[in-house]
Amino acid sequence: SRSLVITSGEKSFETAQGEKVTLPCTFEASEEDVGPLDVEWVLIPADSQKEEQIIIMYDVDRIYDNYYPPLNGRMQFTKSDPRFGDGSLDILNLKAADTGTYQCRVKKAPGVQSQKIQLTVLVKPARTKCSIEGSQEIGKDVTLKCTSQEGSPLLSYDWRRVSGTRELPATSMQNKNTGELLLKNASKEYSGTYHCVASNRVGTDECSVELNVTPPINTAGVIAGAIIGTLLGLSVLAFLVFCCCKKHREKKYEKEVHHDIREDVPPPKSRCSTARSYIGSNRSSLGSMSPSNMEGYTKTPYSQVPSEDFERSPGQNPTFAPSKVAAPNLSRMGAVPVMIPAQSKDGSIV
């Protein structure tokens, strides 16, 4: 007897990211398979410890497609009615995460058949960048690098020159797997534009770089300039330090001179010495007066005198000859009246 059989034969697919893929699952049922048709697609995880995940199912004339959220809105049966022997699955807008093993299972009692299909989503090379490593001087080794930030393996890199002779230099060494182009003992003729193409089975991407080989830098002149600049800098620094020290010494000298002048100033006179000089000056002025100028002088008691002259013992008191003289008219002389003490008979001062 003949039973249910899956007729599609392809079991592996490689498709670019963003494109559409159709996973085939065509079948034929025998006359003995009279039960209801059941077609389902499951995703088999790479980790055997995890369970299979149903992604879409046709059962009793109805389609169920909400089992697997990552594919919601991006999958559908190729034929709207799988009862006619086509349970193929379409996946739209492929993503790298869609890579995996899918299984189609067809049930029509008593017949049951299944088939696995491997899907690989390839990513095109993208964001390819070219760069130069090493010194771009004559006689040096220069390395040109080409790297794609995105892209599924196996990526291949191919360098070519797009200026001048349009041929790579004779000393160049290219690695198509790593994207490196080594130019040994570079010369002026190596200068120009170099182009890199990154490719895999689903697409390509490109980038370019400009190489400019120049004569070696005059290192002796650079070193001499650096030394001269350093010496000039040290000279300026020394000059600034000298000016600061000189200014500091001048300020210190001014302070010392000012201090010496203040020490030479005599102390203020005391009240007693002032009183003595005051009385002595008045006595000398009276002693110089003639008897004719003494007329009209009125004796006035001298009630306030310095304590130093009159707090002596009676034996130390000076002796004054009793005399009564009239004070001259000092207002006409422009002088200030001065009181002169006199001694009584008992020796007291009046």
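**Close-up views of a predicted model**

**Figure 1. Cys146 and Cys196 form a disulfide.**
Cys196 counts as buried, because its relative accessibility is 0% and the limit for a buried residue is under 20%. Its partner Cys146 is buried as well, also with a relative accessible area of 0%. The model shown here and in the other views is predicted. The sulfur atoms of Cys146 and Cys196 are 2.1 Å apart. The torsion about this S-S bond is -90°, and the link is left-handed. Distant parts of the chain are linked by the pair: Cys146 belongs to strand β13 (residues 142-150) and Cys196 to strand β17 (residues 192-200), 50 residues apart.

**Figure 2. Cys25 is joined to Cys104 by a disulfide.**
The S to S distance in this bond is 1.8 Å. The link of Cys25 and Cys104 is left-handed, with -65° about the S-S bond. Cys25 sits in the loop between β3 (21-23) and β4 (27-28), whereas Cys104 sits in strand β10 (residues 100-108), so the disulfide ties together parts that are 79 residues apart in sequence. Cys25 and Cys104 are both buried. Across the strand pairing, Cys104 in β10 has Trp41 opposite.

**Figure 3. A disulfide connects Cys130 and Cys207.**
Its sulfur atoms are separated by 1.8 Å. The disulfide of Cys130 and Cys207 is right-handed, because the torsion about its S-S bond is about 70°. Cys130 lies in strand β12 (residues 126-133) and Cys207 in strand β18 (residues 203-211), so parts 77 residues apart in sequence are tied together. Cys130 has a relative accessible area of 18%, which means that this residue is buried. For Cys207 the value is 9%, again buried.

**Figure 4. Cysteine pairing along the chain, with Cys243 outside any disulfide.**
The structure holds three disulfides. When bonded cysteines are counted along the chain, the disulfides follow the pattern 1-2, 3-6, 4-5. Cys243 takes part in no disulfide, and the nearest cysteine sulfur, that of Cys244, is 6.9 Å away. Cys243 is partly exposed, its relative accessible area being 32%. For the sulfur of Cys244, the closest cysteine sulfur is that of Cys245, at 6.9 Å, too far for a bond, given that a disulfide needs sulfur atoms within 2.5 Å. Cys244 is exposed, with a relative accessible area of 54%.

**Figure 5. Surroundings of His195 in strand β17.**
His195 counts as buried, because its relative accessibility is 12%. The side chain of His195 makes a polar contact of 2.7 Å with the side chain of Ser208. A polar atom of the His195 side chain also lies 3.4 Å from the backbone oxygen of Cys207. Not counting residues up to four places away in sequence, His195 touches Asp158, Trp159, Arg160, Val162, Glu206, Cys207 and Ser208.

**Figure 6. The largest nonpolar core contains 27 residues.**
Leu23, Trp41, Ile55, Ile91, Tyr102, Val106 and Leu119 touch the most other members of this core. At least two of the core residues come from each of β3, β5 (37-44), β6 (53-59), β8 (75-77), β9 (89-91), β10 and β11 (111-122). The largest contribution is that of β5, with four residues. Another core, of 18 residues, lies apart from this one and includes Trp159, Ala186, Tyr190 and Tyr194. Leaving aside neighbours within four places in sequence, Leu23 contacts Phe13, Trp41, Ser88, Leu89, Ile91, Tyr102 and Ile117.

**Figure 7. An open sheet of six strands.**
The strand order is β2-β11-β10-β5-β6-β7, and the pairing is mixed. β2 (12-16) and β7 (62-64) each have a single partner strand and stand at the edges, so one side of each is left without a neighbour in the sheet. On average, neighbouring strands of this sheet are turned by 20° against each other, direction ignored. Within the sheet, β5 and β10 pair in the antiparallel sense over eight bridges. Trp41 stands opposite Cys104 of β10, and Cys104 is bonded to Cys25.

Methods. Residues are numbered from 1 along each chain as its sequence is written. This is a predicted model: local features need pLDDT of at least 70, side-chain atom pairs count only at pLDDT 80 or more; totals for chains, interfaces and linings use all residues. Side-chain values use heavy atoms; hydrogens and water are left out. Buried means under 20% relative accessible area, exposed over 50%, partly exposed in between (1.4 Å probe, protein chains only). A nonpolar core is a set of buried Ala, Val, Leu, Ile, Met, Phe, Trp, Tyr and Cys residues joined through side-chain atoms within 4.5 Å. Contact means heavy atoms within 4.5 Å. A polar contact is a pair of N or O atoms within 3.5 Å; within protein, one must be able to donate a hydrogen and the other to accept it, and residues adjacent in sequence count only if both atoms are side-chain atoms. Two strands pair if DSSP finds at least two bridges between them. Axes are lines fitted to C-alpha atoms, for helices over the stretch in contact, and angles run from 0 to 180 degrees between N-to-C directions.
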